[in-house]
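Please work through the following exercises with the sequence and the coordinates at hand. Each task is followed by a solution in steps.

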Amino acid sequence: MNSENSVGELVSQPYKYGFVTDIETEKIEKGLNEEVVRLISSKKKEPDFLLQFRLKAFNQWKKMKEPIWANLGYPEIDYQDIIYYAAPKKIEKKESLEEVDPKLLETFDKLGIPLSEQKRLSNVAVDAVFDSVSIATTYKEKLAEYGVIFCSIGEAVNDYPELIERYIGSVVPSNDNFFAALNSAVFSDGSFVYIPKGIDCPMELSSYFRINSGDTGQFERTLIIAEEGASVSYLEGCTAPMFDTNTLHAAVVELVALDHASIKYSTVQNWYSGNEHGIGGIYNFVTKRGHCRGKKSKISWSQVETGSAITWKYPSCILQGEDSIGEFYSVALTNNQQKADTGTKMVHVGPRTRSTIVSKGISAGHSSNSYRGLVQIGSKALGARNYSQCDSMLIGDQAEAKTYPYIRSQQPQSNIEHEASTCRISEDQLFYLQSRGIGFEEAVSMMVSGFCRDVFNQLPMEFAAEADKLLALKLEGSVG
Amino acid sequence: MIRQDAKVILDIVDLHARVEDQTILNGVNLKVRAGEIHAVMGRNGSGKSTLSKIIAGHPAYDVTSGTIYFQGENLLAMEPEERARVGIFLGFQYPIEIPGVSNLEFLRVSTNARRTQLGLEELDTFEFEDLVNERIKLVQMDPIFLNRSVNEGFSGGEKKRNEILQMALLEPIVAILDETDSGLDIDALRIVSSGVNQLAKPNTATILITHYQRLLNEITPDYVHVMNAGRIIRTGGKKLALELEKSGYEWLDAEPGNQGGLNHG
Ligand SMILES: Nc1ncnc2c1ncn2[C@@H]1O[C@H](COP(=O)(O)OP(=O)(O)O)[C@@H](O)[C@H]1O
Ligand SMILES: [Mg+2]
């Protein structure tokens, strides 16, 4: 038995979420121009400030160039060959779940996210987003008792325009980067969370993103605001059908934490990653950034990235408030022809700000997996501290792992620690586990989850088990 | 204990093996009956560890001819994990470190794999803790090592105790201990030996690979074999080990048929 081949087979398990829901959608013509931007805004009956926000972003985007510095290498994207607005027809805003198209409810059932009153998860409120349009949000009333707002961005624009106007683009400016500008111009929907002063959100909040159509670009936007002393844990999950074309996904996530507030944002990303020859899959270009505006505020990103043909994603923290804390815990697994360039930016502005980065990259098959991180300590960040740990695990000898840690410090009174390692699952390690009666697949997945344990420990309980299972699934050839 | 009527549980027949282009085993024959203790000695590089790893199913070695029967079954047709489940145990000369994998969890998963094979109930974490706390006394290992990653940062002696703990949990039919005594101080040697002696049963057998008489003072072998250049060139009783201790291996080289070892040409 050649163990490297066998490991290769193991990591190529069939994708379980590859089905397409047959549903009537309203789409506009392919292509992007100012008219399209205006059309999207008018279809959504948006206030003028938002139209102006979109138009400004569109004009900025036209002048920008797609970034090429990432270690990705993919064919050129034709931005005129994408549909920028599609929505399930019968979706409008629903007062109750009974009015939601049963096909959509069924889709989420199949994905393991039951939405109906009887079956839904007991301690997690879910915003279900289908092709970038929110179709239902559970537990809204219960959350409202605490003053917590959890709804789609679209609803928030109508119901809380002053909050949207105040915060949208305040963390990720529309001209931040090419993909953020594109998103700002054409974003469709996404989730909105507002936790009022002093409230510890009584349940986990979760958005589940489902891409359904193949030729439609996906541009959702998430905004989370934690007022003074508020705290929330938010989870995000994503899947998509299998198409042999690539789908563009360019999302923006903005988090704002005021004094003593804390936001924990966890992601399990399992978009379709293409087949073993690299055909199809999602191009995932995401801008996620949190702003620790208040003193002693805290923003923690945890991500388990297993899907997408291409991942370009750097969840970041701007640590402005004094004594604020930023964290980034990441597991990124790539296989076959997948390419991931992911990491974080920790920008220390305020004094005594602290950040922790733990990144675990696992590369199998012919994939390439890069960690790219920036730790920046500004001149006022007296006593700032950072600890970074970037570990890579290689499975087989065709995969590639790279680490690009950038450090910029303008403050001598700061402390930056960086550790990095690369390992390979060795034949001897597998044999040792096997010689104790542990099967080959289980041995591989034990070692992979052992490698990821520091990150899994950071995930909310239910999610940690799910992430462990997801990796095990990705690593189990025979399942499915 | 030798009983000529006892069942042969492990039967190695004319085993040849190589790694890449190098021949390492050159016709090994060895019969092991229930209740027996065998010692295998021989110079470094003579093929002792290779033999033990082939019995356990290491994928790096190609068996070019010969067979191994375990309780009448063709052992070579089984995956390494199946061999472990049916009762083959290898105590490694160099136990492997597995970072990130909890030793306790590892021990539990492997114990349950063996129990399932035996038709016993799997143990949950609490039941398993009871079992491990009982067996750990046998090797006098500090329970702190249960909460570490498998063998990671263990000293040589701690690794060896962890091997014997695994053996105590898996209760194998045939245990092969590859230089388990190397690097142990006298106290540790006694602890490990008494563990091995307590685990020996009339229906099981032990193969000890060792360089030292001091182990054989603690565990009395029924047979002593000497390996050279990939073959067993001499088999005797416990006295053979004493002779080797006194005179080394050279006098065996002088005997006809024992030259031309593969490692020399
Ligand atoms: N995986 C391997 N690759 C190459 N050579 C090996 C390998 N394993 C063992 N050998 C060689 O086979 C011979 C026997 O080794 P080994 O079985 O470890 O001997 P012993 O345990 O008796 O000291 C040595 O020459 C060793 O270098
Ligand atoms: Mg050896």
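The exercises below concern a predicted model and treat an interface, a helix, a metal site and a loop residue.

**Exercise 1. The interface of chain A and chain B**

Determine how many residues of each chain are in contact and how much area chain A and chain B bury between them.

Solution.
- Step 1: Counting contacts gives 19 residues of chain A against 33 residues of chain B.
- Step 2: The area buried between the two chains is about 2,100 Å², with 66% of it on carbon and sulfur atoms.
- Step 3: On the side of chain A, the residues that lose the most area to chain B are F431(A), Y432(A) and R436(A), which together account for 37% of what that side buries.

**Exercise 2. Polar links across the interface**

Find the salt bridge between chain A and chain B, and identify the elements of chain A that touch chain B.

Solution.
- Step 1: The rule yields one salt bridge across this interface.
- Step 2: Its partners are R436(A) and E163(B), whose closest N and O atoms are 2.7 Å apart; the cut-off for such a pair is 4 Å, so the pair qualifies.
- Step 3: Eleven residue pairs are in polar contact between chain A and chain B, both residues being at pLDDT 80 or more.
- Step 4: Two elements of chain A give two or more residues to the side touching chain B, namely helix 9 (427–434) and helix 10 (440–456).
- Step 5: Helix 9 of chain A supplies the largest share, seven residues.
- Step 6: Sorted by class, that side of chain A comprises eight nonpolar, six polar and five charged residues.

**Exercise 3. Burial of helix 9**

Establish which residues of helix 9 of chain A are buried.

Solution.
- Step 1: Six of the eight residues of this helix are buried, so the helix is mostly covered.
- Step 2: The buried residues are Q429(A), L430(A), F431(A), Y432(A), L433(A) and Q434(A).

**Exercise 4. The magnesium site**

Identify the protein donors of the magnesium ion (ligand 2) and locate them in chain B.

Solution.
- Step 1: The donors are OG of S49(B) and OE1 of Q93(B), at 2.0 to 2.2 Å from the ion.
- Step 2: S49(B) belongs to helix 1 (residues 48–56) of chain B, whereas Q93(B) lies in the loop between strand 6 (88–91) and strand 7 (98–102); the pair, 44 residues apart, links distant parts of the chain.
- Step 3: Both S49(B) and Q93(B) are buried.

**Exercise 5. A loop residue**

Decide whether I395(A) is buried or exposed.

Solution.
- Step 1: I395(A) is situated in the loop between strand 21 (385–394) and strand 22 (400–409) of chain A.
- Step 2: Its relative accessibility is 4%, and the limit for burial is under 20%; therefore I395(A) counts as buried.
- Step 3: The C-alpha atoms of I395(A) and I362(A) are separated by 7.4 Å, although the residues are 33 apart along the chain.

Definitions and conventions
Residues are numbered from 1 along each chain as its sequence is written. Chains are lettered from A and ligands numbered from 1 in the order in which they are written. This is a predicted model: local features need pLDDT of at least 70, side-chain atom pairs count only at pLDDT 80 or more; totals for chains, interfaces and linings use all residues. Side-chain values use heavy atoms; hydrogens and water are left out. Contact means heavy atoms within 4.5 Å. Buried area is the accessible area (1.4 Å probe) that two parts lose on being put together, summed over both. A salt bridge is a side-chain nitrogen of Lys or Arg within 4 Å of a carboxyl oxygen of Asp or Glu. A polar contact is a pair of N or O atoms within 3.5 Å; within protein, one must be able to donate a hydrogen and the other to accept it, and residues adjacent in sequence count only if both atoms are side-chain atoms. Helices (H or I, at least four residues) and strands (E, at least two) are DSSP runs, numbered from the N terminus. Ala, Val, Leu, Ile, Met, Phe, Trp, Tyr, Cys and Pro count as nonpolar, Asp, Glu, Lys and Arg as charged, and the others, Gly among them, as polar. Donors are N, O and S atoms within 2.8 Å of the metal (3.2 Å for Na, K and Ca); water is not among the atoms, so sites may look incomplete. Buried means under 20% relative accessible area, exposed over 50%, partly exposed in between (1.4 Å probe, protein chains only).
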